[in-house]
Amino acid sequence: MKYDVSLELTNKVEQYSFKDVAKQANGSAWVKCGNAVVLATVVVDETQSVDEDFLPLTVQYIEKTYAAGKIPGGFFKRETKPSDFETLTSRIVDRSLRPLFPKGFGYPTQITIMVFSVDKEADLQVMALNAASSALFVSNIDINKSVSATRVAKIDGEIVLNPTLSQLNNSTLDLYLSGTKEDLLMIEMRSMGGEEVEIVDEVMIDPTMGTFPISKHVSNAMSEDELINVLEIAQKNLFEANSMYEESFLPYQKEITKLDLKANQLNEMMVEFVRDNHMQDIKEAMNQMAKSERSTALRTLRKNILKENIEWEESELKLAIEKVKKEQVRSQILDERVRADGRALTEVRPISIDTNVLPSAHSSCLFTRGQTQALVVLTMGGVKDGQMYESLTDEGTKNENFMVHYNFPGFSVGEASPVMGVKRRELGHGNLAKRALEPVVNLEGDTIRLVSEILESNGSSSMATVCGGYMALCAADIPTSDVIAGVAMGMVSEGDKYAILTDIMGLEDHDGDMDFKVTGSKDGITAMQMDIKLGGISLDVLKEALYQAKDGRSHIIDIMLEAKKEIEFNDGVLPTTDFFHIDPSFIGDIIGQAGKTIREIIEKFEVAIDIDKKAGKVKITGKNKTGIAGAKEHIEGIVSKPKVQKIKYEVGQKYEGTVKRIVDFGAFVELPDGTDGLLHISKISKDRVQNVSDILSEGQKVTVEILEFKGNKISLSMI
């Protein structure tokens, strides 16, 4: 492959070919970075344009398993439905490129990104966006701006741009940004929790002791000031990268095909009519829309106006009413500093929290904020209950042991629609909530699944999921390193005037200029997602928004802390877990020969036991505290016994043993060091023995001789 462009960027080299493959597409780019190869194509259906006022853009990011030298697992040996990673990557590319298209562009457009070869250190999400943007830039569509992505890590306190995947695994920050030379378009950020070692001075507790290290789990939440500094560094990197892209790709740009854009369909006469005669109706409709995402008020107004003006086109009137409504929403906020529902700009809607409303679930929380309501349900499991998954950049399969699944049924917004499969939006919102909560949880071998059922929605059900998810963790008595809440922010801007809104509702999301979700503790941010509908946002305004979000978050956390005091645990169904350490040299005694001892403990106390053989960690999980306490006491009893030196047995040696168990074909005899041997029924006596129990009883002392070894098994004969 001959490459047209080779660019040395921060910590990587990208090579581009624009003329050799996929020549029938409107635009294509074959991109190589390390050993990773990605093809991005753009195709536009120029024969038709949709009538609706939206951009019919579809983005598909597709991974091929042959790219990593793998054959798909499972029954079907070809790629089937997209993985979560593929879907989330498609969503990131879509959100970044959609703002580039000119207003009125209504032609169905398909962007396809295919991974043909993988590099285990390559950031495929960054490559995907850069490839798609370059294919769009050189296409015959009238788009002359480049969008690029950069990822930022924080490793040992140092900021690293475009880290390798190995470096990212050791980072406390994962920040993904996309933007043009001038503007930030999208931000995805999460902190990554870890263990922090603190040296404690034991003299303060016991004068006879010195110092020793204590390990504690930390969320690594990032402060607002530090995040702004990091964003400033990343934005400079985006400017440099996009400048290089635009200069290098310009010679390969195809001749622009002129496409008719949808003209402004606004009928100004209708707009003036609505302004002059129906402003009060618009305000009343806005008030209803402030209470629900589904409102029939505007539709009713439209029908009433058409009765008086039967010659008018309903589609034109709908656009006119929508324009007046949007103007009123925005002017009321900017000029009067009052929102449609009467709230101040920084005011959070009323919140109520009910925990463990489901008696048979491990834990649950019904979180209600205004007209948004999420029922978040938690289920605990063992390490084997995690979701198995594969990725191109990893060897073998991995387990996801912290899951957040978000469901958005139609009835939550008053729609008569059937419940179907998981959509991109649901997957994205669940992923955001997971990134918000995961840093504060130390799983310690557990699996946790949170399911958020949205029962009502009028703005930011994803943030209700975060708050309800944290309360569900508390209601399951799961320790966390920080209290986490989330709040959705918005912004309205006209010229130099702007207003930042806390806890936006659906109306403000629809008619505003920014959708900005921030989660974290009172001290820092654990996750953030931002999409900008404007031409961009200054970092000074963003900083103001971050601090306003912090105030809103703190207000919500105070309410959550009060609700936490009222939690009553579902003791009858909530699994209980205990962790403790033992001397690793005793693990063989706990397991017993062929796992006999540990099976007996599990059956007797009705518990599950996981043992880390190297570290000596023991985890006991059961349905009640009594069983766990009994199993722990039993194990500690084994560990506290003096360790018996193992004997090297030889054929012909004689020992005194104890009959441990009688079976039809003989008896198992415990030898002096605890090893079991089999005394076959034929070796008990010289005479024929009909029933072993006629001769032997459990606990009886007998003298036996070593007859032979069969692998690890010892055969005995009674003397």
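In the predicted model, the protein exposes about 35000 Å² of surface, of which carbon and sulfur atoms supply 50%. The C-alpha trace spans about 115 × 65 × 60 Å along its principal axes. Of the 719 residues, 51% count as buried. Charged side chains comprise 83 positive and 110 negative groups, and the centres of these two sets lie 5 Å apart.

The secondary structure consists of 15 helices and 31 strands. Among contacts in the protein with a sequence separation of 6 or more, 67% are accounted for by residues 24 or more positions apart.

At the level of single residues, Lys 517 was examined. This residue is located in strand 22, which covers residues 514-520. Its relative accessibility is 7%, and because buried means under 20%, Lys 517 is classed as buried. A polar contact of 2.9 Å joins the side chain of Lys 517 to the side chain of Asp 515, and residue 515 falls within the range of strand 22.

When residues up to four places away in sequence are left out, the residues touched by Lys 517 are Leu 432, Ser 460, Ser 462, Met 463, Val 487, Ala 488, Ala 527, Met 528 and Gln 529. The buried lysine thus has among its contacts Ser 460 and Ser 462, as well as Met 463 and Met 528.

How values were computed:
Residues are numbered from 1 along each chain as its sequence is written. This is a predicted model: local features need pLDDT of at least 70, side-chain atom pairs count only at pLDDT 80 or more; totals for chains, interfaces and linings use all residues. Side-chain values use heavy atoms; hydrogens and water are left out. Helices (H or I, at least four residues) and strands (E, at least two) are DSSP runs, numbered from the N terminus. Buried means under 20% relative accessible area, exposed over 50%, partly exposed in between (1.4 Å probe, protein chains only). A polar contact is a pair of N or O atoms within 3.5 Å; within protein, one must be able to donate a hydrogen and the other to accept it, and residues adjacent in sequence count only if both atoms are side-chain atoms. Contact means heavy atoms within 4.5 Å. Accessible areas come from the Shrake-Rupley method with a 1.4 Å probe; for residues, only the protein chains shown count as cover. Lys and Arg count as positive and Asp and Glu as negative; His and the chain ends are not counted. The place of a charge is taken as NZ of Lys, CZ of Arg, CG of Asp or CD of Glu.
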